[in-house]
Amino acid sequence: MSEDTLLEVKDLSVAFTQGGRTGTAVNRISFNIKKGETVALVGESGSGKSVSALSVLKLLPYPAASHPSGEILFRGQDLLSASDNEMRKVRGNEISMIFQEPMTSLNPLHTVERQVSEILKIHRGMSDTAARERVLELLTQVGIREPETRLASYPHQLSGGQRQRVMIAMTLANEPELLIADEPTTALDVTVQAQILKLLKELQAERGMAMLFITHDLGIVEKFADRVCVMTKGEIVEQGLVREIFDNPQHPYTRHLLAAEPKGQPPVQDESRPVVMEADDLKVWFQIKRGFLRKTVGHVKAVDGIDVRVREGQTLGIVGESGSGKTTLGLALLRMISSTGRIAFKGQEIQENSWKEMRPLRRDIQIVFQDPFGALSPRMSVADIVGEGLQVHFPQLSAEERDRKVAGALEEVGLDAETRHRYPHEFSGGQRQRISIARAMVLEPKFVMLDEPTSALDMSVQAQVVDLLRDLQRKHGLAYLFISHDLKVVRALANEVVVMRQGKVVESGLAADVFDNPQTDYTKALMAAAFRLETAEEGVVSE
Amino acid sequence: MNVSTDTPLPVTSAAPKRPWLSPINQRRLANFKANRRGFWSLWIFLLLFFLAMGAEFLTNDRPILVSYKGELLLPVFIEYPEEKFGGFLAVTDYRDPYIQEEINADGWMLWPPVRYSYRSVNKEIPVPAPAPPSWTMDKEQRCSRYPQGVEDPNCVIGNWNWLGTDDQGRDVLARLVYGFRISVLFGLALTLASSVIGIAAGAVQGFYGGWVDLIFQRFIEIWTAIPTLYLILIVSSVLAPGFWTLFTILLAFSWVALVGVVRAEFLRGRNFEYISAARALGVSNRVIMWRHLLPNAMVATLTFMPFILNGSISTLTALDFLGFGLPPGSASLGELLAQGKNNLQAPWLGITGFIVISLMLSLLIFIGEAVRDAFDPRKSLA
């Protein structure tokens with residue numbers, strides 16, 4: 001073990017025992033981190049990367065989890081055999097951790113000051129005044145503006161980016177030697193992600209901290225890490241310097257990962273095709289009511305005067321940060337929420353239609369949702385889920401015909417039709433998303449709203465779903481409204497793009513023009529953050 | 001994809017054989033069985049319930065089977081007039097020595113193990129009622145009131161009062177069996193009915209939310225503020241209380257128990273993406289509630305049910321104890337307790353009532369605990 005090695009993981013295995021059965025989650029992995037170095041652990045969901053990181057701090061649910069082999073040496077001390085008391089001294093003090101979800105990692109009932117100062121009081125025994133001073137210093141360092149006013153804020157009063165900054169302030173409070181960051185930016189918008197990554201990089205350079213960075217995003221790894229370990233199925237299949245691995249991947253899985261970016265060309269712009277869905281001056285305003293008499297004092301303008309036109313066989317991409325009103329716009333077009341303005345489907349005005357009058361049209365208008373786990377009822381078999389729409393819109397079909405159509409739809413989205421009697425939990429995320437797509441496609445719709453259909457999926461699965469969607473569109477001449485914050489996916493699918501911000505259109509036009517030659521500062525910043533992980537100047541994007 | 005597929009797809013295999021329980025239910029069953037106390041309580045309760053359901057075959061003042069002049073008769077089910085056996089009453093009293101003699105002369109009869117019904121009075125008790133259990137007396141004393149004394153054909157084990165008699169000379173064991181049956185049946189019916197109403201009300205409130213929810217919630221708050229017991233006292237002074245009157249009054253107040261839970265589940269569930277997906281498919285509200293939301297709400301409901309059952313049974317017992325329950329003369333555990341209280345010199349009344357009621361309620365609570373364990377999602381990881 002060389003002098004400057006900070007953490008050395010040797011031959012580590014993690015096993016989980018449940019109901020008498022033992023499964024291995026991590027199988028004999030070894031890696032080490034030197035002082036001041038950033039090591040990235042990359043892999044798809046279920047590859048065991050988070051479990052490996054959690055075992056460094058012994059945060060797994062013992063005794064359900066166990067370590068059949070291996071040791072974790074932190075400055076020569078074996079953490080696996082350390083007692084709880086010794087571990088407590090290490091946690092938060094010498095090794096800190098940032099978690100993925102900033103909303104749930106902060107206690108919603110504690111103020112920012114209390115969250116951050118707690119760790120100082122525990123490990124340093126600081127007094128209230130000393131701790132407050134240090135908290136202010138830390139908040140300034142992590143780039144929270146006017147930290148004095150933020151001390152008394154509760155987590156729900158902060159934006160996602162600010163919450164993650166508070167998390168980082170907490171982890172830095174005791175100047176750890178090693179920071180473990182478990183997908184710290186996955187839940188954030190691209191522009192905020194770029195800011196957080198930049199912040200982490202700066203702080204690391206300032207303090208000479210080592211970092212173990214867990215991510216599924218190869219773009220981040222390439223930009224950010226010194227060395228990388230590629231994990232799949234609980235094993236590290238390849239590790240080395242980032243440059244070498246990206247330029248010359250040896251293991252087939254690494255090559256597969258690197259090749260997994262969504263590819264392909266969107267449909268060609270064709271003005272001659274009939275417009276399927278159009279809206280003029282669409283507005284969705286939510287009233288803000290105050291006082292005893294619930295007087296309307298203002299509006300949240302979720303969608304504020306937007307014109308949309310989607311043609312047969314074409315894709316309109318809607319991009320923007322979270323909270324920009326993308327999904328609200330889509331739901332308003334589908335008449336799932338009330339709005340004002342003109343909406344027409346195949347030339348037929350539908351804005352004034354009642355819920356009942358809409359029902360026959362729902363056959364032609366479908367949605368695919370973001371979360372493949374939430375969008376399928378856990379208590380229904382796949383055949384029931386996919387067949388539900390058929391029962392509503394084709395009640396004359398016999399059970400056998402319906403079953404045949406369900407099987408056909410499943411085959412079309414690339415699933416084995418024999419699996420249709422299983423329940424959703426038996427499928428992976430990508431397969432579940434295919435089931436969602438099959439549910440929409442079985443009705444042979446004309447217009448499909450795709451609400452972030454790839455965001456919850458692994459990179460390589462994303463590419464497959466994108467290919468599938470494009471094939472289906474070509475085959476059936478579908479009109480897509482594709483909503484996403486992931487610009488790479490939008491680029492692969494959409495021929496027209498609308499960039500939204502705070503309910504308004506910032507920029508719109510042909511996808512090629514918007515992507516390659518953005519006109520507004522905001523769009524430029526968005527593109528820079530999404531494709532090159534660069535931050536924009538202050539004030540252009542939200543914090 | 002076309003509506004009319006020219007070449008039918010080959011895959012039309014029928015659903016493969018799946019286990020009759022989905023995996024999640026299999027895990028729940030395993031969790032239920034893992035709670036040994038609850039598991040055995042269920043079996044004991046089912047056994048008692050099964051026996052009580054056949055109370056007429058266990059303790060009855062009529063024979064199960066009679067063969068009279070070559071004809072097989074079923075007095076358990078059919079009321080034969082006495083003239084069939086040469087008497088003149090509208091209903092045969094099989095305990096009458098004259099009738100017994102008549103039947104035995106021309107055939108035979110098969111008695112249940114205990115020859116008393118809940119309302120038959122034992123006229124041959126040797127001491128003033130309430131009489132202690134027969135096994136505390138010797139044969140001489142037991143038979144002292146029978147016409148032929150020890151030699152009397154009716155002074156047999158079938159005419160023992162195993163748990164003594166109450167202050168009207170009725171057999172306690174018989175009243176216990178019938179009382180247990182009516183308590184459990186009343187409890188089950190009340191639980192079932194209040195669950196159906198409670199789930200429906202909770203579902204509507206949770207699903208539609210807004211004004212519907214607001215108005216219903218305020219209504220329930222006012223409704224639950226009415227003291228049930230006093231209302232029953234008032235109503236029973238006007239109406240003659242019977243099974244269905246009591247049932248209706250109690251139901252009017254017990255349905256609110258589940259509303260809160262079901263409403264919360266529906267409120268939570270209606271924003272799930274698969275609910276939005278179903279709405280986008282054009283599925284009607286009723287189907288969404290029935291097929292997508294109800295299964296989720298059932299977990300909380302099932303967990304609550306054993307406790308509601310317990311509550312229903314103890315309410316009935318309490319009313320009977322106070323004398324405002326089932327009509328006088330009907331078998332009831334509460335009335336037994338009241339007798340025990342009024343006849344402290346006859347401890348078998350109070351002790352029997354106490355043991356049976358506490359046993360029944362404990363069994364149901366243990367079963368309820370096991371059900372709760374079975375549906376606890378956190379249990380699955382342990």
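In this predicted model, strands E12 (residues 275-290) and E15 (residues 340-345) of chain A pair in the antiparallel sense over five bridges. Within this pairing, A:Ala279 stands opposite A:Ile343 of E15(A).

**The sheet of chain A**

The two strands belong to an open sheet of four strands. Its order is E13-E12-E15-E16, and the pairing is antiparallel. Which strands form the edges? They are E13 (295-311) and E16 (348-349) of chain A, each pairing on one side only.

E12(A) also runs antiparallel to E13(A), and 13 bridges join the two. Here A:Arg290 stands opposite A:Lys295 of E13(A). E12(A) and E13(A) form a hairpin, with four residues between the strands. One residue of the turn, A:Gly291, has a positive phi of about 80 degrees.

The two pairings of E12(A) are set out below.

| Strand pair | Sense | Bridges | Opposite residues |
|---|---|---|---|
| E12(A) and E15(A) | antiparallel | five bridges | A:Ala279 and A:Ile343 |
| E12(A) and E13(A) | antiparallel | 13 bridges | A:Arg290 and A:Lys295 |

**A helix pair in chain A**

Helix H16 (residues 429-441) and helix H17 (residues 459-476), both of chain A, pack at an angle of about 15 degrees. Their axes lie 10 Å apart. Angles under 35 degrees count as roughly parallel, so H16(A) is roughly parallel to H17(A). Is the crossing left-handed or right-handed? The crossing of H16(A) and H17(A) is right-handed.

Which residues of H16(A) meet H17(A)? From H16(A) come A:Gly429, A:Gly430, A:Gln433, A:Ile437 and A:Met441. From H17(A) come A:Val461, A:Gln464, A:Val465, A:Leu468 and A:Leu472. The residues of this contact divide into six nonpolar and four polar, with no charged residue.

**Domains**

Chain A is divided into three stretches of assignment: domain 1 (104-173), domain 2 (275-364 + 446-515) and domain 3 (374-444). Domain 2 of chain A is thus written as two segments, 275-364 and 446-515. The C-alpha centres of domain 1 and domain 2 of chain A are separated by 38 Å.

Chain B is divided into domain 1 (61-111) and domain 2 (172-381). How far apart do the C-alpha centres of these domains of chain B lie? They lie 42 Å apart.

Methods. Residues numbered from 1 in each chain as written. Chains lettered and ligands numbered in written order. Predicted model: local features only at pLDDT ≥ 70, side-chain atom pairs only at ≥ 80, totals over all residues. Axes fitted to C-alpha atoms, helices over the stretch in contact; angles between N-to-C directions. Parallel < 35°, antiparallel > 145°, perpendicular 65-115°, else oblique. Left-handed = near helix turned anticlockwise from the far one by under 90°. Contact = placed C-beta atoms within 7 Å. Nonpolar A, V, L, I, M, F, W, Y, C, P; charged D, E, K, R; others polar. Domains from an automatic or database assignment. Pairing = 2+ DSSP bridges.
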